[in-house]
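Q: Please pick one part of this model and take a close look at it with me. Keep it informal, but spell out the cut-offs as you go.

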Amino acid sequence: MEQVHPAPHDNARLVRRLLLLVAAAFVFAFAMVPLYDVLCEATGFNGKTAGGIIRDGFAVGGLKAGTAPTPAVDLTRTVRVEFTGTVMPGLPWDMRPLTISLDLHPGEMQQVSYLVRNTSNREVTGQAVPSVTPGQAAQHFEKIECFCFSQQTLGPGEAREMPLAFIIKPEVDRNITHITLSYAFFSTDGQRETLTSAREVR
Amino acid sequence: MSSVTTTHPVEQHAEYHPGGLLRWLTTTNHKDIGTMYMTFALIMFFVGGIMILAVRAELFQPGLQLMKPEFFNQLIGVHALVMIFAALMPAATGFANWMIPLMIGAPDMALPRLNNWGFWLLPPAAFLLTLPFSLALLGFGDGAIATGWTFYAPLSVQGGWGVDFAILAVHILGISSIMGSINIIVTIFNMRAPGMTMMKLPLFAWGWLITAFLLIATLPVLAGAVTMLLTDRHFGTHFFDAAGGGDPILFQHLFWFFGHPEVYILLLPVWGLMPHVLSTFSRKPVYGYKAQVYSFIAIGILSVVVWAHHFFTAGMPIPALIYFMFSTMAISLPLAVLFFCWIATMWKGAMSFETPMLFAVGFIVLFGIAGLTGLILADVAADAQYHHSYFVVAHFHYALFAGGIMGVMTGVYYWLPKWTGHMYNETLGKLHFWLTVISFNLTFIPQFFLGLAGMPRRIPDYALQFAEFNAISTIGAFILGLSQLLFAWNVWACVRGGKKAESRSWEGAEGLEWELPSPPPHHTWEIQPQIK
Amino acid sequence: MEQPFSNEDLERRRAASRRLGWLIAAAALLLYLAGLFIKR
Ligand code: HEM
Ligand SMILES: [Cu+2]
């Protein structure tokens, strides 16, 4: 067999390029965070609704606030909207929708409210996060006014009716006849802290 | 490459060769490092195995007998992390270290010192991953990570410090894998023997090349995701916290952007070594070399665009569901090309069934079941029922045990004579194969039925109707686990002695590695062969 | 290698793997055709 001595190669250059690839992949992971929000906003992926606020630099439930245009009302069909809500662990609250469900025409503005009660004997602040099912309807679900636009603080034992005004835009797909709006109420203390305090309470 | 070079010119080195432990700590020799990777993988294979036998013991009967649910949750998660990151991946890297330089005619890996660091990061990482178990025994903390291997938020944001240990361990394991990948790519690109064009590269090296690129492209994404998890846990960020504007589903996207390519990372080295074994024992050249190379590349590319099939049920717009369904199913096309090439390599061959060939044929049949059940899961409508059930568990064990572990064993039996210079005990090898295949199916076929009937995975208790199949599965698992002791014994005995292996240990074997004596001297191919 | 196979043995093995190949192909085809007739 013919044999030859190994030829020297510039390994360092290839290593540098590969390291660049590693760095790019790492940056990509973080780039996914804002990209993902934009994507969800555009597609209604994940039930993120149109209309919302910017809080602490993070978008809650969407990027732009609802503007309340007056779109034409589509009287040819009705959509049933159902309301529900959950209080996440660590928040000593109760919540229930005062209207369970509602039939409406796309384009007409409606107002409903939730009854929220602080069951503890201290002042607590919470933040509601909305989600719409099916996801395809989310981008046409426009909230004009919502208790989820800002943090809510309830005193010891306090109960409050929290209002919500919204429009289902007439562009919503004709195949969609039922829409569910669901809120998750979180404690603003953050997940880890609330869980620890929830353990204490138990 | 017609002549057999039994006496290879070994250059004399004035190198410093410390003995004992120091030799292994400081070695930069690709064969030593390969041996260390394989040994580490074998040890961790048993560590992970013991964990899951405890789980199977708990699942032997309905009700809670042996452990608390919290501990059960820790065992399943750490079992998976150990098997994937500390057993299968290091085993594949061990093969790469031992075989790629021998097969491409290179004197060593391109970056020998990096190679040493890459290995020595592994033991501390494995130690960190399992340390919380011991700490909990001593009364500190509440044990290891209990989220399953997927780290899903918000559970992982809320978990105990086992999560922090696991995040740290995954970071270290990831750095080690990236170092190994860079080394392998540089070796393959820069150190091939003269005349070895990319289209003459052995398929094993091709499989590893694609794996290495996938690791470099996706492991940093996992590192990014667990870093966000860490800052969510300790520094008040809200990446995955809905109350703060984050989104737990984002974690699933990031995790599976890594996680799905990971399953191909685990298998590409095995797909690479399979044709070598099949061709050897069929005494025929590999069928469809080019088709296999192109399939590797196609699978590598497709694997990064299908990730969301792991959470169809998390809620997605219908167009996204359809896209991820069809792209996932598309992967089975290049995979089918590979199956065809494997079978065509055997067809009309003078086949003989030594242990490596038995494992190779067993691999083809059982891995085929993994692919077919994968297609069922890729169907959005069907997956709504099967997701998070034991059907998924059975599917990926056909892929990762029958595909991954049995594939690794194929390679170990095939190259063991080359590594040790001795033939292993063939009777024991065959016994190991048959015990493995039978008990593997005894363990996992019942899990398909359990999944179809609706038994959820990752739950320590189950309804009475599932009792019989679970009992069978547990019995199978214990036979399977014990059978692997035969493997460890056979390897150990082969290292210690046995019938002398020739340089071409198998009659039909082709390739540069068989031109070298068995075992090869410490330094090989310092004068490279010229490939025609 | 333990005992290199004799030429006749190798020839016999080649014939066997060819036959088995056809047999498996036939079985696969049959299964496929059977599938065409399964209606729900
Ligand atoms: C044609 C090939 C394949 C297809 C179509 C496929 C499809 C799928 C799908 C749709 C799932 C998600 C099931 C669910 O959670 O509901 C899944 C899970 C899984 N697959 Fe595959 N698969 C294939 C091959 C493989 C291979 C080759 C491997 C490994 C080497 C593998 C490993 C896994 C693992 C580990 C999981 C479960 C991960 C977890 O949830 O913990 N699959 N597969
Ligand atoms: Cu996947």
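A: First, a bit of vocabulary: a residue is buried under 20% relative accessible area, exposed over 50%, and partly exposed in between, using a 1.4 Å probe and protein chains only. Keep in mind that this is a predicted model, where local features need pLDDT of at least 70, side-chain atom pairs count only at pLDDT 80 or more, and totals for chains, interfaces and linings use all residues. Residues are numbered from 1 along each chain as its sequence is written, chains are lettered from A and ligands numbered from 1 in the order written, and side-chain values use heavy atoms, with hydrogens and water left out.

Let's go for helix 14 of chain B and its surroundings. The helix covers residues 390-420 and contains B:His395 (helices are DSSP runs of H or I, at least four residues, numbered from the N terminus). B:His395 is the only protein donor of the iron atom of ligand 1, through NE2 at 2.2 Å. Donors here are N, O and S atoms within 2.8 Å of the metal (3.2 Å for Na, K and Ca); water is not among the atoms, so sites may look incomplete. The copper ion, ligand 2, sits 4.6 Å from that iron atom.

Now the rings. Searching the whole structure gives 58 aromatic pairs over all chains. One of them joins B:Tyr386 and B:Phe391, stacked at 5.0 Å centre to centre with 25° between the planes. Rings of Phe, Tyr and Trp (its six-membered ring) pair if their centres lie within 6.5 Å; planes under 30 degrees apart are stacked, over 60 edge-to-face, the rest tilted. B:Tyr386 counts as buried because its relative accessibility is 15%, and B:Phe391 is buried too, at 5%.

B:Tyr413 and B:Phe487 make an edge-to-face pair, 5.6 Å centre to centre and 70° between the planes. That pair links distant parts of the chain, from B:Tyr413 in helix 14 to B:Phe487 in helix 16 of chain B, 74 residues apart. B:Tyr413 is buried, at 0% relative accessible area, and so is B:Phe487, at 6%.

Between those two helices in the numbering comes helix 15 of chain B (426-452), which, like helix 16 (467-496), gives two or more residues to a nonpolar surface patch. Helix 15 supplies the largest share, six residues. B:Leu435 is found in helix 15 and is partly exposed, with a relative accessible area of 32%.
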